[in-house]
Amino acid sequence: MLLAKLRFELIERMSVKTMRFVSAVPRAKADGLVARIYDMIAEDFFINGSLTSHSKVPHLLAGVWTGGRESILVTDRLDRTTKEAMTAVLSRVNDCPYCGDMLVSLVHGGGKHEAASQIFSRSEEKIADPILRERLEWVKAGATPGSQLPTDTPFTADQLPEVIGSLLAMSHINRFSHVVMAGSPVQAPLGFQRIKSAALRMFGSVLKTTTERPIQPGRALELLPPAPLPDDMYWAEPNPRIASALSRWAGAIERESALVVKPQIQNLVYSNLQCWQGELMPISRSWVDNEVEGLTGRDRAIARLALLLAKAPYQVDEALVGEILREDRDETRFIRVLAWAAFSAARRIAKRVADTIRGAG
């Protein structure tokens with residue numbers, strides 16, 4: 001027991017090694033809502049930087065944990081390891097090495113070693129399990145810019161709220177982590193990817209215990225007050241627990257973002273994203289400058305960040321982050337802006353998936 005505790009403390013320390021722009025509330029200093037959430041994460045999963053990077057704004061930490069836990073970790077109509085494999089593929093397409101490596105380790109922890117290795121090498125089409133292979137290729141096709149979801153959906157209707165909820169949660173986490181995490185804490189020299197693959201499998205053996213823990217459905221809902229489900233998240237309605245978790249998260253995002261993002265900026269970004277069909281954006285960032293023409297100062301920086309993070313996360317750079325952090329380096333303001341931008345993109349992606357499925361049906 002003591003050895004296991006030390007291993008998880010080591011993983012917790014490693015998970016923040018590449019954190020930048022923000023700092024996590026240390027577990028030893030956490031109190032109130034943050035302490036409650038940390039305790040629940042430690043009991044149900046493991047404490048890591050993709051979650052704790054939200055911790056300076058407690059209700060946003062509650063949102064990302066509640067949405068991710070209830071969508072991905074709880075085995076309901078779909079098993080957890082399949083959902084972690086799906087989100088690992090999504091993370092690698094989204095170029096989030098931090099999330100991708102963590103999730104590959106979790107797939108190893110769930111016992112799907114061959115699948116984890118193929119995901120790591122971006123060779124999902126070689127996975128032996130035909131059902132898992134079809135599901136992961138479906139995710140990869142839908143997440144790749146400029147491509148479309150296959151018309152045949154490899155999930156049942158009652159699995160779709162979990163599936164789309166998992167993609168929403170990880171789309172948010174990918175984008176948030178892409179900015180605040182400077183790569184994966186597990187590194188290997190170029191040309192030595194076998195070493196890294198072996199390291200991720202080793203981490204998976206440590207994380208195996210997290211895949212074996214009983215996860216009580218709905219337990220995280222108590223962390224946030226009820227909120228109405230937004231119209232664009234209609235796809236969650238068939239699963240009341242998923243709908244409740246995601247509506248509470250959406251409510252937290254709305255309340256916190258209202259403190260730092262003006263309504264006209266939110267409306268501009270929302271309207272712009274409704275027209276986005278997942279197409280690949282030009283290499284130059286001139287496209288986003290055209291979208292925010294007429295805005296100035298921090299309003300312009302916030303709108304640019306939101307649109308870049310949605311459509312081309314790799315184009316977000318330190319200079320753009322600096323325009324929002326400014327001289328005061330206010331982490332809470334930045335976390336609110338970043339969470340709103342990442343969640344706005346994730347909602348649009350989820351709706352596009354749901355609309356495609358409904359249209360195909």
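Are W138 and F155 buried or exposed? Select the two residues in this predicted model: both W138 and F155 are buried.

**First stop: the aromatic pairs**

Under a cut-off of 6.5 Å between ring centres, the model holds 4 aromatic pairs. One of them joins W138 and F155, whose ring centres are 5.3 Å apart with the planes at 70°, so this pair is edge-to-face. Trace the backbone from each ring: W138 belongs to helix 8, whereas F155 sits in the loop between helix 8 and helix 9 (160–180), so the pair ties together parts that are 17 residues apart in sequence.

Next, select F45 and F46. Their ring centres are 4.6 Å apart and the planes meet at 40°, so this pair is tilted. F45 and F46 are both buried.

**Second stop: L51**

Keep F45 displayed and add L51, which is placed in helix 3 (residues 49–52). L51 has a relative accessible area of 5% and is therefore buried, since the limit is 20%. Beyond its neighbours within four places in sequence, L51 is in contact with I41, F45, L61, V64 and W65. To move to the next stop, draw a distance from the C-alpha of L51 to that of L90: the two are 17 Å apart in space and 39 residues apart in sequence.

**Third stop: helix 5 against helix 8**

Two packed helices are described by the angle between their axes and the distance between the axes. Select residues 80–93, which form helix 5, and residues 130–143, which form helix 8; their axes come within 9 Å and cross at roughly 35°. The crossing of helix 5 with helix 8 is right-handed. On helix 5, display T82, A85, M86, V89, L90 and V93; on helix 8, display L132, R135, L136, V139, K140 and A143, as these residues make the contact. By character, the residues of this contact comprise 9 nonpolar, 1 polar and 2 charged.

**Fourth stop: two loop residues with positive phi**

Proceed to D95, in the loop between helix 5 and helix 6 (97–109). The phi of D95 is near 55°, a positive value in a residue other than glycine. D95 has a relative accessibility of 41% and counts as partly exposed.

Then select R122, in the loop between helix 7 (113–120) and helix 8. Here phi is near 60°, again positive in a residue other than glycine. With a relative accessibility of 43%, R122 counts as partly exposed.

**Last stop: a charge over a ring**

Finally, select W276 and R352. R352 lies over the face of W276, at 5.4 Å from the ring centre.

Key. Residues are numbered from 1 along each chain as its sequence is written. This is a predicted model: local features need pLDDT of at least 70, side-chain atom pairs count only at pLDDT 80 or more; totals for chains, interfaces and linings use all residues. Side-chain values use heavy atoms; hydrogens and water are left out. Axes are lines fitted to C-alpha atoms, for helices over the stretch in contact, and angles run from 0 to 180 degrees between N-to-C directions. Helices (H or I, at least four residues) and strands (E, at least two) are DSSP runs, numbered from the N terminus. A crossing is left-handed if the near helix is turned anticlockwise from the far one by less than a right angle, and right-handed if clockwise. Contact means heavy atoms within 4.5 Å. Ala, Val, Leu, Ile, Met, Phe, Trp, Tyr, Cys and Pro count as nonpolar, Asp, Glu, Lys and Arg as charged, and the others, Gly among them, as polar. Rings of Phe, Tyr and Trp (its six-membered ring) pair if their centres lie within 6.5 Å; planes under 30 degrees apart count as stacked, over 60 as edge-to-face and the rest as tilted. Buried means under 20% relative accessible area, exposed over 50%, partly exposed in between (1.4 Å probe, protein chains only). A charge sits over a ring if NZ of Lys or CZ of Arg is within 6 Å of the ring centre and within 35 degrees of the ring normal.
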